[in-house]
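Me: I'd like a close look at how the helices pack in this one, with the aromatic side chains in mind. Could you walk me through the contacts in one go?

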Amino acid sequence: MTEEQPGSPRARTGPLRALVDRFGHLVHELSKFATVGGIAFLLDFALFNFLTAGRGFEQVTAKTISTVIAATVAFLGNRFWTWRHRQRNNPAREYALFFFFNGVGLGIAVACLAISRYGLGSVWPEVFRTGLADNIASFIVGTGLGTLFRFWSYRRFVFVEAGTQAVPEVANDRDHGA
């Protein structure tokens, strides 16, 4: 009987190892995505607060500006680090789709902020029209929901796997005339 080498298919047993073998690449991508997203988040957070508190911008305008700048940083990080192993056949398409899906993510964050500030804030302004409420609505709720959407959409539509070969068409041998 020979001894199994660590890492060989026969040495990997058990349900935990099966999960790691099946989803390890996804966890690796997700950790890189989270790192890039964390950097973009910090940039977004700092710019938003600088623009609202330091420069007097209106909250929704500040959020739009900070998100566009952070999204540019996130695109570069995701394209050249997170999903660098995926095909790069049309950078203009990637860029356009990335910003389209970021626009949807921005819409999610801005909607959360607007619902909090203008919807709930009209009922309870001393709670929902504060800097703390704006940050919670925008960065915790809005960014959380937007991040889930973005990870799914980037993987699915922007940074796609190399395509599999097309299946050849099968000729139909039936006689359609009779």
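Reply: **The helix packing**

The axes of α2 and α3 come within 10 Å and cross at roughly 145° (lines fitted to C-alpha atoms over the stretch in contact, with N-to-C angles from 0 to 180 degrees; helices are DSSP runs of H or I, at least four residues, numbered from the N terminus). On the α2 side, the residues making that contact (heavy atoms within 4.5 Å) are Q59, V60, K63, T64, T67, V68, A71, T72, A74, F75, N78 and R79. Facing them from α3 are E94, Y95, F98, F99, N102, L106, A109, V110, L113, R117 and Y118.

Keep in mind that this is a predicted model: local features need pLDDT of at least 70 and side-chain atom pairs 80 or more, while totals for chains, interfaces and linings use all residues. Numbering starts from 1 along each chain, and side-chain values use heavy atoms, without hydrogens or water.

Now for the rings. A search of the whole structure turns up 25 aromatic pairs (Phe, Tyr or six-membered Trp ring centres within 6.5 Å; planes under 30 degrees apart are stacked, over 60 edge-to-face, the rest tilted). One of them is F75 with Y95, an edge-to-face pair at 5.2 Å centre to centre and 90° between the planes. This pair links distant parts of the chain: F75 belongs to α2 (residues 59–82) and Y95 to α3 (residues 91–123), 20 residues apart. F75 is buried because its relative accessibility is just 8%, whereas Y95, at 43%, counts as partly exposed (buried is under 20%, exposed over 50%, partly exposed in between, with a 1.4 Å probe and protein chains only).

Then there's F98 with Y154, which is a stacked pair: 4.5 Å centre to centre, with 25° between the planes. F98 sits in α3 and Y154 in α5 (residues 131–158), so this pair ties together parts that are 56 residues apart in sequence. Here both partners are tucked away: F98 counts as buried at 0% relative accessibility, and Y154 counts as buried at 2%.

Those four rings also belong to one aromatic cluster, made up of F33, F75, W83, Y95, F98, F99, F151, Y154 and F159.

Take F33 from that cluster. Setting aside neighbours within four places in sequence, F33 touches N78, T82, W83, T147, R150, F151 and Y154. F33 also turns up in the largest nonpolar core, which has 13 residues (buried Ala, Val, Leu, Ile, Met, Phe, Trp, Tyr and Cys joined through side-chain atoms within 4.5 Å). With F33, the core residues with the most contacts inside it are A74, W83, F98, Y154, V158 and F159. Helices α1 (15–54), α2, α3 and α5 each supply at least two residues of this core.

What about α2 and α5? Their axes come within 13 Å and cross at roughly 35°. From α2, the contact takes in Q59, K63 and N78, and from α5 it takes in D134, S138, F139, T143 and Y154.

F139 and T143 come up again if you look at F41, which is found in helix α1. Neighbours within four places in sequence aside, F41 is in contact with F139 and T143. Its relative accessible area is 29%, so F41 counts as partly exposed. The C-alpha atoms of F41 and S66 are separated by 9.5 Å, with the two residues 25 apart along the chain.
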